[in-house]
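Dear colleague,

I am handing over the structure we spoke about, and you will find it directly below. My notes on what turned up in it come after that.

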Amino acid sequence: MSSPSHPPGPPVAAAAQRDDIAIVGLACRFPGAADAHEYWSAMDRGAFCVTEIPADRWSIEAHYSPDREAENKTVSKWGGFMADIDKFDAPLFHVSPREAELMDPQQRIMLELAWACIEDAGYAPSQLRGSETGVYLGVCNFDYKVMVERSLSTLEAHVSTGVHTTLIPNRISFEFDLKGPSVPVDTACSSSLVALEEAVHALRRGDCTAALVGGVSVLLSPTHFISFSKAGMLSPRGVCRSFDEGADGYVRGEGAALMLLK
């Protein structure tokens, strides 16, 4: 007895369409690139965006030495650094100057990128208010929190809302009145990738109807440079040569990116 024939394609295609995830908006800032267009241009022309550590971050002279054994020194004075991390449109987000000063730059940057990402998707930010939109962000850098706690002689309320990485996605959800899950993800170097996986699963489960997904890292302290140097992880020449016989470590870099998924 022959088995009944089944039409090829339609059932599988229908299932695939139900599970498909679309990237409908994008916003980013990277070393040498203030937005996605500049980033693409930098990649297209093969730009080298690694520089010496900017003077407004910390003193190279105070923390650098070519001697790996030098106490509290790093063999790397190189990195990928974003421009204008101290700039923030506080009035747009109804943030007072004092509160803005105590907000982690990572939080400020991601607020602005959320606005830009939503607009890139073709929406006015007000159109998402009250929607079941989730926010999933890879956040694993605590440099600003350490700096604030070391520098303040008097603690105040804005410290708690300004420096904890948990508040980075939460601030976005609050500011744009998004009702979906608001989740920080810290799995070190894989944080943004894990955030993306969590968001995709959430969309397919119906936990949210759309999701802002991305990650941010801003380098503000020499502490991890020194620690990673002592572990032999950083390149003294400031060049990544993965899987090459000339590899001598990696180069730390910062950046921020958001996608809107549906």
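How far is the sulfur of Cys208 from the closest cysteine sulfur, and in which residue does that sulfur lie? The closest one belongs to Cys117, and the separation of 14 Å is too far for a bond, given that a disulfide requires the two sulfur atoms to be within 2.5 Å. Please keep in mind throughout that this is a predicted model, so that each distance and accessibility quoted here is a computed value.

The cysteines

The result for Cys208 agrees with the wider search, which covered the whole structure and returned zero disulfides. Cys117 is likewise in no disulfide, and for this residue the nearest cysteine sulfur is that of Cys28, at 9.8 Å. Both residues are shielded from the surface: Cys117 is buried with a relative accessible area of 0%, and Cys208 is buried with a relative accessible area of 5%.

Salt bridges

Side chains of opposite charge can pair when their charged atoms come close. In this model there are twelve salt bridges, and I describe a few of them here.

One of them links Lys145 to Glu149, with 2.9 Å between the closest N and O atoms. Both residues belong to helix α6, which spans residues 143–151, and because they are four residues apart in that helix, about one helical turn separates them. Glu149 is partly exposed, its relative accessible area being 45%.

A second salt bridge brings together the side chains of Asp86 and Lys87, at 3.4 Å from N to O. Asp86 counts as exposed at 54% relative accessibility, whereas Lys87 is partly exposed at 46%.

A third joins Arg57 to Asp56, where the closest N and O atoms are 4.0 Å apart; as the cut-off is itself 4 Å, you may wish to look at this pair yourself. The two partners differ in their surroundings, since Arg57 counts as buried at 11% relative accessibility, while Asp56 counts as exposed at 67%.

Arg29 and its surroundings

Arg29 lies in strand β1, which runs over residues 23–29, and at 18% relative accessibility it counts as buried, the limit for that class being under 20%. The side chain of Arg29 makes a polar contact with the side chain of Glu112, at a distance of 2.6 Å. Leaving aside residues up to four places away in sequence, Arg29 touches Ala34, Met82, Ile109, Glu112, Leu113, Gly255 and Ala256.

The largest pocket

For any work on binding sites you will probably want the pocket listing as well. The largest pocket has a volume of about 840 Å³. It is lined by 35 residues, of which Cys140, Cys189, Ser217, Gly253 and Glu254 are the closest to its centre. Four elements, namely α9 (191–205), β6 (210–217), α10 (223–230) and β7 (255–261), each give two or more residues to this lining, and the largest share, four residues, comes from β6.

With best regards

Methods:
Residues numbered from 1 in each chain as written. Predicted model: local features only at pLDDT ≥ 70, side-chain atom pairs only at ≥ 80, totals over all residues. Heavy atoms only, no water. Buried < 20%, exposed > 50% of the residue type's maximum accessible area, 1.4 Å probe, protein only. Polar contact = N/O pair within 3.5 Å; in protein donor to acceptor, adjacent residues only side chain to side chain. Contact = heavy atoms within 4.5 Å. 1 Å grid on protein atoms, 1.4 Å probe; cavity = no way out; pocket = protein on both sides within 12 Å on 5 of 7 lines; lining within 4 Å. Points joined across faces, edges and corners; volume = space filled by probe spheres on them.
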